[in-house]
Protein chains: 2
Amino acid sequence: MKLQIFYELIIILISTKVLGLLLRKLKIPEVVGMLLAGLLIGPSVLGLVEENEVLNIFAELGVVMIMFAAGTETDIKSIKSSGKASAVITAFGVIVPFGLGYVVASLFNGGFAVDRETMISNMFYGVMLTATSVTITVATLKELGQLQTRVGTSILSAAVLDDIIGIVILTVFIGLKNPDVSVLKIVIRIILFFVVSYIVGTLARKIYHWLEDRNPGTRRNIIFAFVNCLVFSFAAEKFFGLADITGAFFAGIAFADLKESKHLEHRVDIASYLLFSPVFFASIGIGTQLTGFNMNLLWFGLSFVAVGLLSKFLGAGIGAKLCHFDNDESVRVGLGMMCRAEVILITAQRGVNLGFMNKSFMPFVILLVIVSSFITPILLKLSYRKKKAA
Amino acid sequence: MKLQIFYELIIILISTKVLGLLLRKLKIPEVVGMLLAGLLIGPSVLGLVEENEVLNIFAELGVVMIMFAAGTETDIKSIKSSGKASAVITAFGVIVPFGLGYVVASLFNGGFAVDRETMISNMFYGVMLTATSVTITVATLKELGQLQTRVGTSILSAAVLDDIIGIVILTVFIGLKNPDVSVLKIVIRIILFFVVSYIVGTLARKIYHWLEDRNPGTRRNIIFAFVNCLVFSFAAEKFFGLADITGAFFAGIAFADLKESKHLEHRVDIASYLLFSPVFFASIGIGTQLTGFNMNLLWFGLSFVAVGLLSKFLGAGIGAKLCHFDNDESVRVGLGMMCRAEVILITAQRGVNLGFMNKSFMPFVILLVIVSSFITPILLKLSYRKKKAA
């Protein structure tokens, strides 16, 4: 067993890194390379690595670490300062994709008058589309020297809000899996979890701060923070019936905005990229089936990709317009919010595990990530060039 | 399963860190605290955590990372420069403990005329005693301002040699487990492995250096080095019939003495202390049985501790004396080499796994670590005070 795992880790680490770097050269996010690596080494193609319990645990720790790191990067202050505009952009940037995603899924999966389970499953396609990832947008705006503008700061804080709202919606849907649990019950659980994690998180934050003051940069501080991440993940699922990633994300938020946050995130990040997150992203690929394609699925998938791009552009753009951004600015906000990466993949993987989504749909989710990360920088640059020409 | 592992990791990380820090306040190595934590949370006392496959894999990765880090810290140049003296000190500091350990074990376990298996098992107690750990000695000599003396540098390079010889001896014994394999065969395998790992290691070292030159400090470099560690571990066990830790140690040596070694070791160290090495040391404690004590075992164990201290002091001291160190210096070298920590624990754990040593003997190995780390600094300081008084 031990040698088997060593062997699998070697294959996973080499293939994810090589493909990740290759795709990065083509300006496609490294995570896509890791997914493709998983697809390549998994049962679909070469059959070198199969799913197993130990790898699943590694993958689960990987996603928890990713969400924890995302939490620590959440810049609460920026939301407060940019206030109303980013709230409106986020709201429309979540509602429109959610609605259109649900409509498209329903058109292909039995229409609107269906049983509870199918309806939830159709809605889940909407949930996936609510995610955003602004890494590429931020890089592009930086390149254009436009990050410190109204457009740039609004996108940045809308993306933070989007993450928070996205995880809440996902949490509700994971809760809905159990047919005995009503939406009300889930909302109450979430509120309870928020209250408890706010109290515990504030306390943990104070202890961490105190530890850092006494012994800056020591191992005990990082371990303390990481144990908090595990405790929040464990408690969210075990005691509140929510998702472990919800817990990890809120544990991260508890440690955000500290002067030591960067340092902490860096440390957890090393453990994550050295082992856990490659296993996580590869495991999505390993679990992806390339069989079961038919014309219906193909049209569904391509519509999903198109609607995914359009709905976010429209939603966020309308939100910006409502906040008195001019037309050019609104277009840029819409384009900037369009990109998807880690979060949609994590959401999709949960969807597969919970039975909301079929494994054979995963290639289209990956396609949306690839297409959106390809065209976002191109369109954004065009939108700025137009202005200069005018 | 996932929640179970999260729960176990939480218990392990908290208990190992708290007990580790407490013992450190008492000047006892943190690893002892981790072992005691394992004992406390394991079936022997509280029964919170039990051995399971996932934890075993974590522990195995932990020990591989520890050995890899030990390899990268191996200062080959210092051995070359201090040359003959440290070689003689190491030789006697290995032979005398090995011999006396074997004698003591034989006295308690059936005498000298026994079957092959019992004899190997008795010799294994000698193997354990060959290990040394100079962390505490180095700290003490630094405090006394005596690290840059002939005594200090000899101890440092003798300790490096001791590590290398120790792992070779352990490798031979792990090979001897299989009754069909002769010592000659094992030695040939080891030599083959050395040749292959020298060639592959030199190549890997060059690639790593080239990677660092092109993109200093990037993730791909660390992952490259870590993959090498896994490949060496895997190959040593799978293709050469040796121990995975032997592979990891030699992979580490391949990356030693580079200007980037510190940086590399630091990165791997983070992943190690955040998760893997606490699980490893705790798992030794979890697997330790506190039952099966009797007077024979007690006397055997206490003799083992006493001989462990005395034999290293005598062996290394005689070695120093033979190299024309004066009496005071020889005493200090002997005292400085006496301390045990990680390596004896790793060796003992392998011994239990292979059936060379009974689980119920583990408490005495731990006792030797505790006693030696307690008295080494005290005696070393006394040996220097005497000089000043004279």
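**Helices, loops and contacts in a two-chain prediction**

Trainee: How far does helix α2 of chain A reach from its first C-alpha to its last?

Mentor: Helix α2 of chain A covers residues 30–41, which gives it 12 residues. Helices here are DSSP runs of H or I with at least four residues, while strands are E runs of at least two, and both are numbered from the N terminus. The expected span is 1.5 Å times one less than the number of residues, and for α2(A) that comes to 16 Å. The reach in the model is close to this expectation, at 17 Å.

Trainee: Happy to hear it! What is the mean pLDDT of chain A?

Mentor: This is a predicted model, in which local features need pLDDT of at least 70, side-chain atom pairs count only at pLDDT 80 or more, and totals for chains, interfaces and linings use all residues. Residues are numbered from 1 along each chain as its sequence is written, chains are lettered from A and ligands numbered from 1 in the order in which they are written, and side-chain values use heavy atoms, leaving out hydrogens and water. pLDDT is the predictor's confidence in each residue, from 0 to 100. In chain A, 99% of residues reach 70 or more, and the mean is 90.

Trainee: And what ipTM does the predictor give the complex?

Mentor: Two scores come with the complex, both from the predictor. The pTM is 0.88, and the ipTM is 0.88.

Trainee: Back to α2(A): how many of its residues are buried?

Mentor: Buried means under 20% relative accessible area, exposed means over 50%, and partly exposed lies in between, with a 1.4 Å probe and protein chains only. Among the buried residues of α2(A) are E30(A), V31(A), M34(A), L35(A) and I41(A). The helix is mostly covered, and of its 12 residues the buried number is 10.

Trainee: At what angle do the axes of α1 and α11 of chain B cross?

Mentor: The helices are α1 (residues 2–25) and α11 (residues 261–287), and their axes come within 9 Å. Axes are lines fitted to C-alpha atoms, for helices over the stretch in contact, and angles run from 0 to 180 degrees between N-to-C directions. Angles under 35 degrees count as roughly parallel, over 145 as roughly antiparallel, 65 to 115 as roughly perpendicular and the rest as oblique. So α1(B) is roughly perpendicular to α11(B), with a crossing angle of roughly 80°.

Trainee: Which residues of α1(B) meet α11(B)?

Mentor: Contact means heavy atoms within 4.5 Å. On the α11(B) side are L274(B), L275(B), P278(B), V279(B) and A282(B). From α1(B) come L9(B), I12(B), L13(B) and T16(B).

Trainee: How do the residues of that contact divide into nonpolar, polar and charged?

Mentor: Ala, Val, Leu, Ile, Met, Phe, Trp, Tyr, Cys and Pro count as nonpolar, Asp, Glu, Lys and Arg as charged, and the others, Gly among them, as polar. For α1(B) with α11(B), the division is eight nonpolar, one polar and no charged.

Trainee: Which residues is R267(A) in contact with, leaving aside its neighbours within four places in sequence?

Mentor: R267(A) sits in helix α11 (residues 261–287) of chain A. R267(A) counts as buried because its relative accessibility is 8%. Its contacts in chain A are G217(A) and I222(A), and in chain B they are H266(B), I270(B) and Y273(B).

Trainee: How far apart are the C-alpha atoms of F232(A) and A251(A)?

Mentor: F232(A) lies in helix α9 (residues 219–238) of chain A and is buried, at 5% relative accessibility. Its contacts beyond four places in sequence include F193(A), F250(A) and A251(A). F232(A) and A251(A) are 19 residues apart along the chain, and their C-alpha atoms are separated by 6.0 Å.

Trainee: Is H324(A) buried or exposed?

Mentor: H324(A) is found in the loop between α12 (295–322) and α13 (327–336) of chain A. Its phi is positive, near 65°, in a residue other than glycine. With a relative accessible area of 65%, H324(A) is exposed.

Trainee: What is the relative accessible area of H324(B)?

Mentor: H324(B) is in the loop between α12 (295–322) and α13 (327–336) of chain B. Its phi is positive, about 65°, although H324(B) is not a glycine. H324(B) is exposed, with a relative accessible area of 67%.
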